[in-house]
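Work through the exercises below with the sequence and the model open. Each task is followed by a solution in steps.

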Amino acid sequence: MSFNLAKLLEKQKKSILELWMKNQLSDEGLREDLISNEELRGQSEELVSSIVANLGKSDINNLDDESWSPVIEILGGIAITRARQGFSPRETGRFVFSLKEALLEVIQNEIKNDPALLFQESVKINKLMDNLSIVTFETFIKGREEVILRQTDEIAEISTPVIRVWDGILALPIIGTLDSQRTQIVMENLLQEIVETGSSIAILDISGVPAVDSLVAQHLIKTVSATRLMGAECIISGIRPEIAQTVVHLGIDLSSIITKASLASALAYAFKSLKLEVRKQTLQNK
């Protein structure tokens, strides 16, 4: 009588699940702050049931076969969710590897009296679970990349706020390195705000830019040019002594651009250009 691995695992499905849960709950790295025991059991039960159900009708050596799609979909969903929840690759990997340990232990207990058969079926399980581990890591990496890209976009939006400081005057404080991608975001945000507010003066404050080289200067010049095309004047403030020396040393020509040492000086220039006067009011005692 030939041995049927699928039927054995179907018969021992409950034992596999309980053993797998025991392995996971006894793990010192269990992240109960990220996932509840009930949710963990639900994920585990769904995955075990799907794997066992496919063993009898799918080629165990070919995960590209369409019949494995339900298993890969479930495992991929778990990996993506864990990437978004903040699990590490190691923690996600232990989730799959602990299942392999449970499967191998069940097989060993059932056919321990036949070493040759035990070796043969163990190789099958090892190969299957190793391939599923690869799928898990590939999907986890995609999920992590999505998180990183979303966070990068959010940080870029937060770090390039366009502030309406007065009627007709906008200010955009730039903090950190100014590269090509960020310059594009700066220009888009600034030009959009110019259109929406009808402002005629925009102040780019680079007090928070750690260093200005020729590339950063070119990015600033492009932003100024784009602003002028929209009919607004652009002022660059935050020109520190070391930045001024660097610009001169690199031979960068900023003579056509209005530059100021501080945001306050830039605001004062903007008020003067718009013929606005800000005066301190003296309160008189009654």
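**Exercise 1.** Which residue is the bridge partner of I201 in β4?

Solution. The model is predicted: local features need pLDDT of at least 70 and side-chain atom pairs count only at pLDDT 80 or more, while totals for chains, interfaces and linings use all residues. Residues are numbered from 1 along each chain as its sequence is written, and side-chain values use heavy atoms, with hydrogens and water left out.
- The partner of I201 in β4 is E233.
- Strands β3 (residues 201-208) and β4 (residues 233-237) pair in the parallel sense over five bridges. Pairing requires at least two bridges found by DSSP; strands are DSSP runs of E with at least two residues, helices runs of H or I with at least four, both numbered from the N terminus.

**Exercise 2.** Place the strands in the sheet and find its edges.

Solution.
- The open sheet has five strands in the order β1-β2-β3-β4-β5, with mixed pairing.
- β1 (163-166) and β5 (258-260) each have a single partner strand, so one side of each lacks a neighbour in the sheet.

**Exercise 3.** Describe the surroundings of L17.

Solution.
- L17 lies in helix α2 (residues 13-25).
- Its relative accessibility is 8%, so L17 counts as buried (buried is under 20% relative accessible area, exposed over 50%, partly exposed in between, with a 1.4 Å probe and protein chains only).
- Leaving aside neighbours within four places in sequence, L17 is in contact with R41, S44 and E45 (contact means heavy atoms within 4.5 Å).
- The C-alpha atoms of L17 and H219 are separated by 58 Å, at 202 residues apart along the chain.
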